[in-house]
Amino acid sequence: MPIITDSASARTLLADPGATVPGPDPTARGPLADLRRGVSRFANGADHAHRRNTIEVLLDRLEPAALAADAAARARDAVRAGSRDADAWAIRRIPAAAIAGALGFADPDAAAVEAEVVADAYRSGATSPAVDAAAARLLHAAGGDRPDAALRVQLVVQAHRATGDTVSRAIERLAQASPETAVDPVLDARHAPDALGNPVVDAMDGALRAAPVATTVRVRAGLRVEVALADPVAPHSTPPGELLAFGAGPRRCPGTAHALAIAGAVVGELRRADGSVGSC
Ligand code: HEM
């Protein structure tokens, strides 16, 4: 499959109304197939527009500041229980659990476990009995027959890996940052006043430029094309939420503000918990 790595061409293709996403296999059966057929991520045309609209309404009700407060509290609990590693499950589960909790799932931590089980198959469609069982539990927890159940599950699943990877990579960057690293005046102006502080914002910015979701796919004139989302040379003044990491065009990530709020809160708490991380 050809791959586009130049960010300007990537943005052009992602904004092209003639570029579609590969749809789900219409012959696939089972809960994972039902989930993939019900979400916006793999839909095109009117189905995509309608589902995307419902998702935006659901997300409008989730206040990023409240998500950040919940994520920070979860991170403090995890740290108190001994987890300081961004890759520890107690930390990795926070984004999906915060979104599931805000959406009213009865057991947000269980939803995060299911999100981890379905994450790869959600993208590829390659299922297994364990994946189907987890997808069924998620759909049930999201309200079963509610017309928006698949979209509520989509939010939990899509919040999971990408936000967790952003946290891990930001923590790695903080650990590598030298104590002499100058505070960046551009980022400073862009985010001030920012409760997280510059090193955290800088680390998140770097993590996002490297693209936690490395690629996406479009079909244009019958040709499948892979689109790389890393954008190391984005102008320094680009706000993190506008980086190519979140996509572009009509399918651009609708959870950007939520992702930044959650990831920033978790990275901030881990940094506070470990005075040696990034501040030495
Ligand atoms: C740092 C974390 C995140 C990154 C890097 C990220 C990245 C992306 C990207 C690149 C896309 C577009 C894919 C494409 O065009 O093919 C996307 C779509 C999407 N994201 Fe995110 N995302 C993140 C977090 C979240 C969160 C927290 C949520 C939910 C609260 C979310 C919900 C969605 C949804 C629902 C879509 C599908 C939009 C549509 O079908 O039009 N994402 N995300």
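**A ligand, its pocket and a cavity**

Modeller: Let's start with the shell around the ligand: its residues divide into 13 nonpolar, 9 polar and 4 charged. Please keep in mind that this is a predicted model.

Colleague: What makes a residue one of those that surround the ligand?

Modeller: A residue counts as near the ligand if one of its heavy atoms lies within 4 Å of it. By that rule 26 residues surround the ligand, and the closest are S40, H48, T216, R218 and C253.

Colleague: Which element gives the most to this shell?

Modeller: That is α9, with 7 residues. At least two residues each come from α3, α9 and β2.

Colleague: Why is C253 called a donor of the iron atom?

Modeller: A donor is an N, O or S atom within 2.8 Å of a metal such as iron. The SG atom of C253 is at 2.3 Å from the iron atom of the ligand, so it passes the cut-off. C253 is also the only protein donor of that iron.

Colleague: Where is C253 placed?

Modeller: In the loop between β3 (223-228) and α12.

Colleague: How do you know that S40 makes a polar contact with the ligand?

Modeller: The pair must be N or O atoms within 3.5 Å. An N or O atom in the side chain of S40 is 2.6 Å from an oxygen atom of the ligand, so the pair qualifies. The side chain of T216 has an N or O atom 2.5 Å from a ligand oxygen, so this pair qualifies too. For Q158, a polar side-chain atom lies 3.1 Å from a nitrogen atom of the ligand.

Colleague: What makes you say that the ligand sits in the largest pocket?

Modeller: The test is that more than half of the ligand's atoms lie within 2 Å of the pocket's grid points. The ligand is assigned to the largest pocket, so it meets that test.

Colleague: What is the volume of the largest pocket, and how many residues line it?

Modeller: Its volume is about 1100 Å³. It is lined by 44 residues, with R41, Q158, A162, V213 and C253 nearest its centre. These 44 divide into 25 nonpolar, 10 polar and 9 charged. Here again α9 gives the most, with 10 residues. The elements that each supply at least two lining residues are α3 (45-60), α7 (108-124), α9 (149-176), β2 (215-220) and α12 (256-273).

Colleague: Why is another space called a cavity and not a pocket?

Modeller: In a cavity a 1.4 Å probe fits but cannot get out, whereas a pocket is open. The structure holds 1 cavity of 30 Å³ or more, and about 30 Å³ of space lies in the largest cavity.

Colleague: Which residues line the largest cavity?

Modeller: They are A86, I91, R92, P95, G164, V167 and V266. Two or more of them come from each of α5 (89-92) and α9. By kind, they divide into 5 nonpolar, 1 polar and 1 charged.

Definitions and conventions: Residues numbered from 1 in each chain as written. Predicted model: local features only at pLDDT ≥ 70, side-chain atom pairs only at ≥ 80, totals over all residues. Heavy atoms only, no water. 1 Å grid on protein atoms, 1.4 Å probe; cavity = no way out; pocket = protein on both sides within 12 Å on 5 of 7 lines; lining within 4 Å. Points joined across faces, edges and corners; volume = space filled by probe spheres on them. Helix = DSSP H or I, 4+ residues; strand = E, 2+ residues; numbered from the N terminus. Nonpolar A, V, L, I, M, F, W, Y, C, P; charged D, E, K, R; others polar. Donors = N, O, S within 2.8 Å, 3.2 Å for Na, K, Ca; no water. Polar contact = N/O pair within 3.5 Å; in protein donor to acceptor, adjacent residues only side chain to side chain.
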